[in-house]
Amino acid sequence: MTVQKRSVLTFLSVLVLLVLPVQAALSASDIPAKDTWRVTASSIQSDEFKPGYLADGNMETRWSSRPKDKEWARVDLGKVVEITGFTLHWENGYASQYSLLVSIDGREWSTVYENEDSDGQMDDIYIRPISAQYVLLETRKRATGWGNSLWELDVKGTSDRVDISVVDGDGDHVSALMDGRKDTVWKSKAVDRAELLLDLRRSRNITGLRIDWDEQYAGSVDMAISLDGKAWKEVSSISLPDGSQGQSSFVPHDASEVRYIRLVLTDPIKAQGGFGIGDISLRGPTEAFTP
Ligand SMILES: [Ca+2]
């Protein structure tokens, strides 16, 4: 090979190295269509409950593992994308304890979400955005004697992310409000009233939300919803019982299409004021509002 050819090749390979990450970054915002995913699982209950049925877009087909606690299902999305969350549509045979892990290469995994007390139905999960190609659901404990069974698993991309802003009360770590973790906490300033605004960025059928409190819970929570961010409808108002530190609150409303959610926190439990929230998660129309 001549020096000239080699330098052209070197130039080309440098060019490829420069161009590839840009392409990856551009394509990272979309989650590939489900019919291109490859789904595998630790086991099936029978041929009627194949792994692929948890990602066929059909809510009448499902994957079910054999009736054991520690089972798994793995999705290969086909390329590296930015993942911002998941929606798990459980069948009655759900896992009350499970973890979600992601990986770039299918070998090294990072745990991005852990649930110790799922109530089944739909788990709508938001995480700190992370690049990955593979998603792994690891079940740890079943809620029933049946296998672990999912009607459908959705993976959220950048366009599904919820924008949260603190209108009143300010405070640090706003991103901790919806990162799927209770141990990362948003704390407001020492105020008697805080106001949070959630923009779901498209209208969704939401029936309320769950708030996982830090030590400084709010004695009262008011919730309003809007489709356009201008016309608001007050839909829910709850009072928290004494001793709600570290507990979860459910703020329900009648099912309706929602894009914006406004939460107003008042009655701080401490004289100096201030509120703390570990996580906020959304509830869908099939959810039963029992803690
Ligand atoms: Ca299905």
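**From the calcium site to the largest pocket**

Let's start with Asp56: with a relative accessibility of 34%, Asp56 counts as partly exposed, since that value falls between the 20% limit for buried and the 50% limit for exposed. Keep in mind as we go that this is a predicted model.

Asp56 is worth a look as one of the protein donors of the calcium ion, to which it offers OD. Who else is there? Tyr53, Asn58 and Trp151 each bring a backbone-named O, Thr61 gives both O and OG1, and Glu152 adds OE. These donors sit 2.3 to 2.7 Å from the ion. Written along the chain, their spacing reads Y-x2-D-x1-N-x2-T-x89-W-E. Asp56 and Glu152 thereby tie together distant parts of the chain, 96 residues apart: Asp56 belongs to the loop between β1 (38–41) and β2 (63–64), while Glu152 is in strand β7 (residues 149–156). Is Glu152 buried or exposed? Its relative accessibility is 3%, so Glu152 counts as buried, whereas Asp56, at 34%, is partly exposed.

Now step over to His89, which touches Trp151 and Glu152. His89 also touches Met59, Gln121, Met122, Leu150 and Asp154, leaving aside residues up to four places away in sequence. With Asp154 there is a polar contact between the side chains, at 3.1 Å. His89 has 16% relative accessibility and therefore counts as buried.

His89 lies in strand β3 (residues 72–90), so let's follow that strand's pairings. β3 is joined to strand β6 (residues 122–142) by 13 bridges, antiparallel, with Ile83 opposite Ile130 in β6. β3 and β7 also run antiparallel, joined by six bridges, and here Gly85 faces Lys156 in β7. The pairing of β1 with β3 is antiparallel too, over four bridges; Arg38 has Asp76 in β3 as its bridge partner. As a reminder when you look along any of these, side chains in a regular strand alternate between the two faces of the sheet.

β6 leads us on to the largest pocket, whose volume is about 750 Å³. Which of its 34 lining residues are closest to the centre? They are Tyr113, Glu114, Asn115, Gly180 and Lys182. Two or more lining residues come from each of β5 (109–115), β6, β10 (194–213), β13 (248–268) and β14 (276–283). β6 provides the largest share of the lining, seven residues. That is the strand we met as an antiparallel partner of β3.

Conventions
Residues numbered from 1 in each chain as written. Predicted model: local features only at pLDDT ≥ 70, side-chain atom pairs only at ≥ 80, totals over all residues. Heavy atoms only, no water. Donors = N, O, S within 2.8 Å, 3.2 Å for Na, K, Ca; no water. Buried < 20%, exposed > 50% of the residue type's maximum accessible area, 1.4 Å probe, protein only. Polar contact = N/O pair within 3.5 Å; in protein donor to acceptor, adjacent residues only side chain to side chain. Contact = heavy atoms within 4.5 Å. Pairing = 2+ DSSP bridges. 1 Å grid on protein atoms, 1.4 Å probe; cavity = no way out; pocket = protein on both sides within 12 Å on 5 of 7 lines; lining within 4 Å. Points joined across faces, edges and corners; volume = space filled by probe spheres on them.
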